[in-house]
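Student: Could we go through this model together, one question at a time? I would like to see how each answer is reasoned out.
Tutor: Happily! Have a look at it first, and then ask away.

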Amino acid sequence: MKRIYRLVHAEARRRAAEDCKTAPDGYVVTVAEPTRSLDANAAQWPILQAFSNQLVWPVNGKMETLTAEEWKDVLTAGFRRENVRVAMGLDGGLVMLGARTSKFSKSKFSDWLEFLNATAANRGINLTTED
């Protein structure tokens, strides 16, 4: 049986501790910062789409329009200060490794959204939507 406790009051902590005491050998306990919410995840996509709609970027030596998903790859590398690992692809291309926002903690994801907004402002991306 899987149980998840949000440690927000004494009773939740007591129940979590009791489950740890009585868990069978081999069970695993993880205490971690909360992950991002679905709303936080959704907040990145309008920004990434604005990049896609408004900015071209050099790809293989020519200026191209990138998809929102491709902008996420480029911007995630920038957020990580380009400190990512790159592997050779199966057919000789390049593959960026380990740049997954889904692995960001709640606070790291908040920093990511701030980075997206600041980068959009610095690049002249208009984030307001017109109805």
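Student: Which residue just after helix 3 takes a positive phi?
Tutor: Keep in mind that this is a predicted model. Look just past the end of helix 3, where phi is positive at about 55 degrees. The residue there is R81.

Student: What distance separates the end C-alpha atoms of helix 3, and what span should its residues give?
Tutor: Helix 3 has 12 residues, and at 1.5 Å a residue they should span 16 Å. The end C-alpha atoms agree with that expectation, because their separation is also 16 Å.

Student: Which elements do the buried residues of helix 3 pack against?
Tutor: Let's begin with the residues themselves: A68, W71, K72, L75, T76, A77 and F79 are buried in helix 3. Their packing partners are helix 2, strand 1 (56–59), strand 4 (94–97) and helix 4.

Student: How are helix 3 and helix 4 oriented to each other?
Tutor: Two packed helices are described by the angle between their axes and the distance between the axes. Here the axes of helix 3 and helix 4 come within 11 Å and cross at roughly 110 degrees. The contact involves K72, L75, T76, G78 and F79 of helix 3, together with K108, D111, W112, F115, L116 and T119 of helix 4. Angles of 65 to 115 degrees fall in one class, and therefore helix 3 and helix 4 are roughly perpendicular.

Student: How wide an arc do the buried residues of helix 4 cover around the axis?
Tutor: The buried residues of helix 4 are F109, W112, L113, L116, T119 and A120. They lie on the same side of helix 4, because their arc around the axis is only 130 degrees.

Student: Which residues are exposed on the other side of helix 4?
Tutor: For contrast, the buried residues of helix 4 pack against helix 2 and helix 3. On the other side of helix 4, the exposed residues are E114, A121 and N122.

Student: Is Q44 buried or exposed?
Tutor: Q44 sits in helix 2. Leaving aside neighbours within four places in sequence, Q44 is in contact with R36, K72, T101, F109, W112, L113 and L116. Its relative accessibility is 0%, and buried means under 20%. Q44 therefore counts as buried.

Student: Turning to the rings, how many residues apart are F51 and W71?
Tutor: The structure holds seven aromatic pairs. One of them joins F51 and W71, a tilted pair at 5.2 Å centre to centre with 45 degrees between the planes. F51 is in helix 2 (residues 38–54) and W71 in helix 3 (residues 68–79), so to speak of distant parts of the chain being linked is fair: they are 20 residues apart.

Student: What kind of aromatic pair do F104 and W112 form?
Tutor: A pair of aromatic rings is described by the distance of the centres and the angle of the planes. For F104 and W112 the centres are 6.4 Å apart and the planes stand at 70 degrees. Planes over 60 degrees apart have their own class, so this pair is edge-to-face.

Student: Which residues do ring pairs link into a cluster?
Tutor: Two of its members are the pair just discussed: F104 counts as buried at 10% relative accessibility, and W112 is buried at 0%. Ring pairs link these two with others, and the full cluster is F79, F104, W112 and F115.

Methods: Residues are numbered from 1 along each chain as its sequence is written. This is a predicted model: local features need pLDDT of at least 70, side-chain atom pairs count only at pLDDT 80 or more; totals for chains, interfaces and linings use all residues. Side-chain values use heavy atoms; hydrogens and water are left out. Rings of Phe, Tyr and Trp (its six-membered ring) pair if their centres lie within 6.5 Å; planes under 30 degrees apart count as stacked, over 60 as edge-to-face and the rest as tilted. Helices (H or I, at least four residues) and strands (E, at least two) are DSSP runs, numbered from the N terminus. Buried means under 20% relative accessible area, exposed over 50%, partly exposed in between (1.4 Å probe, protein chains only). The arc is that of the directions from the helix axis to the C-beta atoms. Contact means heavy atoms within 4.5 Å. Axes are lines fitted to C-alpha atoms, for helices over the stretch in contact, and angles run from 0 to 180 degrees between N-to-C directions. Angles under 35 degrees count as roughly parallel, over 145 as roughly antiparallel, 65 to 115 as roughly perpendicular and the rest as oblique. The expected span of a helix is 1.5 Å times one less than its number of residues.
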